[in-house]
Amino acid sequence: MAVSRPWRRRAALVAALLAVPAAGMVPAQAAGPLAPVAPGLSRLLSAVTGATGVTALVHADDIATAERAARGAGLTKITSFGKIGVVAVRGTADQVRAVREADGVSYVEGNEKLKAHGSAGTTATRSLQTQAQLKDAGGAPVDGRGVSVAIIDTGVDPTHPAFKGADGKTRVVRSLKSLCLDGTATNCIVDVPTVIDTDTLSLGGHGTHVTGIAAGNQLTLTDGTKVGGSAPGSKIVSVSTGAALLVLGTDAALNWVLENHKAPCGAGVAASVCPPIKVTNNSYGPSGGGTFDPNSATVKLQRALAAEGVVTVWANGNDGGDGSANLSNPPGQDQTPGVLSVASSNDQGTGTRDGTVSDFSSRGLATSQSSWPDVSAPGENILSSCRPTQPICTQGLQPENGPGLLDLATYNVISGTSMAAPQITGIVAQLFQVAPNASPGDIEAAIKGTAYKFTNGSPYVAAGPYTSSFDKGTGLVDTFAAAKSLGAQG
């Protein structure tokens, strides 16, 4: 899909400390001041015995001095960084302590275990805080329960642990595939309930990753990393667009939602089992943005959906820009209340709300406010559900295992406005749970009226009832504030 982009920044995963046999007596060192030691290595050295194996980096003004000091302390060289005067070594804790006394050593640091700077995005958006601290009118946590989200994408893996319900069954209540090549009739949408990620060509896995961002379970992976989507209490309707990404196929999917949103599993299935669809996620579009076409079938469909109470969410695109041209995804430029376009922000992997506008995120034309995105959400280095067999997931190169012992590489990091849009999709489900009688316009107003004004990028200017900008819209979505504005308790 044109608006998905593989991850842009990688953090190396460094190996655990290497155990080595004791190397005998540590040679005597000339007395002198000890070289500074990095905090992590200092903590390690204070906690282990002298014979414990340690890997370290020894610094000096030049590589010859660093290597000579390492040899003198009995340490074994692993490799060296000649231009910066650093040698990587292994040995015992006592040998590392001793090298600090060697002539010319300026610093010693440990082989710290690093963590990929991937994020679920739910901290920055305050969706996770909303799930934990706010209640709906019935006293239930605000996690999207009572709402179905429709993901129009490449299909979904319904067996993934991200979508397992409390009853042990998948929360994917309907898995469909569009086979429509010559029209928008819904009789070319077929059920594929047992298929795992229905399209496995170049973008196979995109839908599973997107779905996890919108509605994945809150889980802890085997390395302790927390993952989960904005609306883990929601139900999921997946409509695969088929192997060929054509407007007719995606419009047919929107049309299916229009005709079936009130009872997506059929009239005979209770809403408690299969709730109404209240929001669609659309992480696709043409490269390079384009002019908004109010006469297109896509726009007519999303306006009809808004009239029937369903919000449509669009990824704004991955074409960057500087405001000199309109690069926004065309249907997302619709000013109809309840149609939202989403720009990507970078929460730096820390959950900060004061991050940056992603450089790849499409900008609108600075002089045309109707082309600007509506709101921003984290879309850079987003950790979500994947499978190592799915092509899009292999591009992340930050696989994470868990939560079960057999769940190998079930999460990965990908970037794009494709990842920002489902943050909003899940948040819309949370807001409809709080205010089930709200209109799509009410939901949009709550999101845009409470957005957090992070300052990176272009300045905010008056834009109707809000302040907005051509690169990040009204700011970073603030789920907690939006939910409170609609009556959430807590």
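Asp153 is buried, for its relative accessible area is 1%. The model in which this residue is seen is a predicted one. Asp153 belongs to strand S6, which covers residues 148-153. In UniProt, an unreviewed entry places the feature "active site" at Asp153, together with His206 and Ser418. These three residues are spread over 266 residues of sequence, yet they cluster in space, with a largest C-alpha distance of 10.0 Å.

The setting of these residues can be described through the protein as a whole. The secondary structure comprises 11 helices and 20 strands. Of the 490 residues in the protein, 55% are buried. Among contacts with a separation of 6 or more, 77% are between residues 24 or more positions apart.

A second buried residue is Ser344, a member of strand S14. Its relative accessible area is 0%, and because buried means under 20%, Ser344 falls into that class. Several parts of the sequence meet at this residue. Leaving aside residues up to four places away in sequence, Ser344 touches Val357, Ser358, Phe360, Ser361, Ala377, Gly379, Glu380, Gly416, Thr417 and Ala420. Ser344 may also be compared with Ser362, which lies 18 residues away along the chain. The C-alpha atoms of Ser344 and Ser362 are separated by 8.4 Å.

Strand S14 spans residues 339-346, and the loop between strand S14 and strand S15 (356-357) contains Gln348. The backbone of Gln348 has a positive phi of about 65°, although this residue is not a glycine. With a relative accessibility of 36%, Gln348 counts as partly exposed, because that class lies between the limits of 20% and 50%.

A positive phi of about 65° is also found at Arg126, which likewise is not a glycine. Arg126 is located in the loop between strand S5 (105-110) and helix H4 (127-133). Its relative accessibility is 18%, and Arg126 therefore counts as buried, the cut-off being 20%.

Another feature of the backbone concerns a peptide bond. Gly402 and Pro403 are joined by a cis peptide bond, with omega about 10°. Pro403 is part of the loop that runs between helix H8 (391-394) and strand S18 (411-416).

The description now turns to a pair of helices. Helix H9 consists of residues 417-434 and helix H10 of residues 440-450. The two helices pack at an angle of about 115°, and their axes are 11 Å apart. H9 and H10 are therefore roughly perpendicular to each other, because angles of 65 to 115 degrees are placed in that class. The crossing in which H9 passes H10 is right-handed. On the side of H9, the contact is made by Ile424, Val428, Leu431 and Phe432. On the side of H10, Pro440, Ile443 and Ile447 take part. The residues of this contact divide into 7 nonpolar, no polar and no charged.

The helix pair leads back to the starting point. Helix H9 covers residues 417-434, and Ser418 is one of the positions to which UniProt, in an unreviewed entry, assigns the feature "active site". Asp153, another of these positions, is found in strand S6. Ser344 in turn touches Thr417 and Ala420, among other residues.

Methods. Residues numbered from 1 in each chain as written. Predicted model: local features only at pLDDT ≥ 70, side-chain atom pairs only at ≥ 80, totals over all residues. Heavy atoms only, no water. Helix = DSSP H or I, 4+ residues; strand = E, 2+ residues; numbered from the N terminus. Buried < 20%, exposed > 50% of the residue type's maximum accessible area, 1.4 Å probe, protein only. Axes fitted to C-alpha atoms, helices over the stretch in contact; angles between N-to-C directions. Parallel < 35°, antiparallel > 145°, perpendicular 65-115°, else oblique. Left-handed = near helix turned anticlockwise from the far one by under 90°. Contact = heavy atoms within 4.5 Å. Nonpolar A, V, L, I, M, F, W, Y, C, P; charged D, E, K, R; others polar. UniProt positions renumbered as here; feature names shortened; annotations may be inferred.
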